[in-house]
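This briefing describes a single protein chain, from its overall architecture to selected residues. Please consult the sequence and the structure shown below while reading.

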Amino acid sequence: MGASPPHAPRGAVTLSLCFLIALLEGFDIQAIGVAAPLLIPALGLTPGQAGVVFGAGMAGLVCGALAGGWMADRMGRKPLLMTAVAVFGVFTLATLVAGGPLSLGLFRLFAGAGMGAAMPSLVAVALEIAPPDRRTRTTTLMFSGMPVGGALAALFAAGLMGRFGWHSIFLAGGVLPLLLLPVMAWLMPDIRAAAAGGAQRPGSAQALFGDGRLLVTLLAWFTFGMTLLVLYLLLNWLPSLVAAKGLGGSGGAGAAFGFNVGSVVGCWAIGVLVDRLGPRIPIIAAYPALGLSLFGLAMADTLLPVVVLAGLAGFFLLGAQYSLYGVIPLYYPAPARGLATGASIAAGRLGSIGGPLVAGHLLGQGWGPAGVAMAMVPVVLSAGMAVALMTIRGRYAGD
């Protein structure tokens with residue numbers, strides 16, 4: 001028999017701590033992007049080297065998500081989450097002593113591994129503490145901490161980084177996770193994997209591809225890959241792309257802030273719609289709307305339209321992505337949901353590695369900020385077609 005969900009007060013504490021973990025991850029992920037206008041010239045990085053550095057963090061997320069997904073079904077959430085938080089805190093602090101692309105890339109690789117390892121457990125916790133009719137909104141509420149953290153990073157960059165230098169944002173992003181560890185040790189209960197008490201655990205291949213799940217699994221991986229390619233291109237390059245439109249560093253920080261605020265609203269709104277209407281209409285509709293937002297962002301050249309369109313892009317992109325975190329595990333048997341979530345996240349991170357590299361390559365070839373945004377429109381539409389087929393063909397597994 002699976003572990004029963006925690007009672008309401010303990011569930012609220014657990015969800016709040018997971019929200020804070022997601023917030024700190026969002027702060028750290030966005031920090032490299034908002035610091036880029038100062039960090040790249042300070043370390044003498046070319047656009048190609050900067051793309052490799054950004055991609056190293058995404059590579060770490062791939063490795064961390066695979067390892068964390070496997071461990072999420074085999075051990076308590078608490079020790080795994082505490083280890084992951086400690087790793088990304090320590091290696092974010094290590095960024096302070098980076099002297100060039102090699103050391104910076106290595107530190108981002110290990111910080112990314114810590115962040116990636118936490119994510120499957122965060123999804124598993126949300127599914128375990130939420131009532132069945134509120135699973136998607138609970139997942140999106142928890143993961144809305146990531147754009148909140150991103151918005152805080154953008155505010156930090158706009159208000160403090162110019163005064164204290166690019167090092168300051170990584171100092172904050174490394175110290176805060178380490179300060180959260182004793183709070184987690186004191187307040188977080190150790191929720192064990194569902195059905196860990198006796199149900200036979202399927203093999204990895206059977207869990208992912210058996211019982212008619214092959215098509216759903218492949219479509220989920222493709223959707224995550226294409227969605228995260230666009231997401232991490234924007235997270236890493238949006239401030240620099242907006243600054244290149246002639247709007248300066250403050251304009252770039254404003255666009256990043258708008259993107260993250262829109263993301264928070266989109267997480268809540270689309271998550272509620274998915275719980276009420278099912279995943280098909282809300283998630284499918286989000287992708288063409290995202291394509292239109294990116295087209296408008298490519299065309300805009302003044303601050304207000306750029307901020308508004310960045311906010312709309314965040315609304316549809318993160319609203320769809322985080323809703324998928326709550327939907328996709330339900331296609332798999334309960335004992336394998338951590339594995340399935342980790343595999344989908346890892347597959348998506350392959351796209352997230354490509355996003356920063358693609359942007360660096362296109363900029364190096366002279367495409368400019370508008371060209372980079374326009375290049376993402378067909379990527380978004382292909383992800384929308386895949387998610388449409390997935391939600392139409394997929395069937396929820398029983399608990």
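**Briefing on the predicted model**

Alanine 269 has its place in helix α9, which covers residues 214–277. The model is a predicted one. In it, the chain contains 13 helices and zero strands. The points below treat the fold, the surface, the cysteines and then individual positions.

**Overall fold**

- Along the sequence, the secondary structure reads α-α-α-α-α-α-α-α-α-α-α-α-α.
- The chain is as compact as a globular protein of its length, because its radius of gyration of 20 Å is close to the 21 Å given by the globule rule for 399 residues.
- Taken along the principal axes, the box filled by the C-alpha atoms is roughly 60 × 45 × 35 Å.
- Among contacts in the chain with a separation of 6 or more, 86% are between residues 24 or more positions apart.

**Burial, surface and charge**

- Buried residues make up 59% of the 399 residues of the chain.
- The exposed area of the chain is about 14,400 Å², and 73% of this area is supplied by carbon and sulfur atoms.
- There are 19 positive and 10 negative side chains, and the centres of these two sets are 1 Å apart.

**Cysteines**

- A disulfide is a covalent bond that joins the sulfur atoms of two cysteines.
- Zero disulfides are found in a search of the whole structure.
- Cysteine 267 takes part in no disulfide, and the nearest cysteine sulfur, belonging to cysteine 18, is 15 Å away. That distance can be set against the cut-off of 2.5 Å for a pair of cysteine sulfur atoms.
- Cysteine 267 has a relative accessible area of 0%, so the residue is buried.
- Cysteine 63 has a relative accessible area of 52% and is therefore exposed, the cut-off for this class being over 50%.

**Two positions in helix α7**

- Phenylalanine 170 belongs to helix α7, which covers residues 167–187. Its relative accessibility is 0%, so phenylalanine 170 counts as buried.
- Beyond its neighbours within four places in sequence, phenylalanine 170 is in contact with Ala31, Ile32, Ala35, Leu39, Thr92, Leu93, Thr95, Leu96 and Arg108.
- From phenylalanine 170 to leucine 304, the C-alpha to C-alpha distance is 29 Å, with the two positions 134 residues apart in sequence numbering.
- Leucine 181 is also located in helix α7. At 17% relative accessibility, leucine 181 counts as buried, since the class covers values under 20%.
- Leucine 181 is in contact with Met82, Val85 and Ala86, when neighbours within four places in sequence are left aside.
- One of these partners, valine 85, is 96 residues from leucine 181 along the chain, and their C-alpha atoms are separated by 7.4 Å.

**Alanine 269 in helix α9**

- With a relative accessible area of 29%, alanine 269 is partly exposed, because this class lies between the cut-offs of 20% and 50%.
- Alanine 269 and phenylalanine 316 are 47 residues apart in sequence, and their C-alpha atoms are 9.8 Å apart in space.

**Glutamine 365 between two helices**

- Glutamine 365 is situated in the loop between α12 (337–364) and α13 (368–393).
- The relative accessibility of glutamine 365 is 54%, so this residue counts as exposed.
- Glutamine 365 and alanine 343 are 22 residues apart in sequence, and the distance between their C-alpha atoms is 33 Å.

Note on methods: Residues numbered from 1 in each chain as written. Predicted model: local features only at pLDDT ≥ 70, side-chain atom pairs only at ≥ 80, totals over all residues. Heavy atoms only, no water. Helix = DSSP H or I, 4+ residues; strand = E, 2+ residues; numbered from the N terminus. Rg over C-alpha atoms; globule rule 2.2 N^0.38 Å. Buried < 20%, exposed > 50% of the residue type's maximum accessible area, 1.4 Å probe, protein only. Contact = heavy atoms within 4.5 Å. Areas by Shrake-Rupley, 256 points an atom, 1.4 Å probe, with all protein chains shown as cover. Lys, Arg positive; Asp, Glu negative; His and termini not counted. Charge placed at Lys NZ, Arg CZ, Asp CG, Glu CD.
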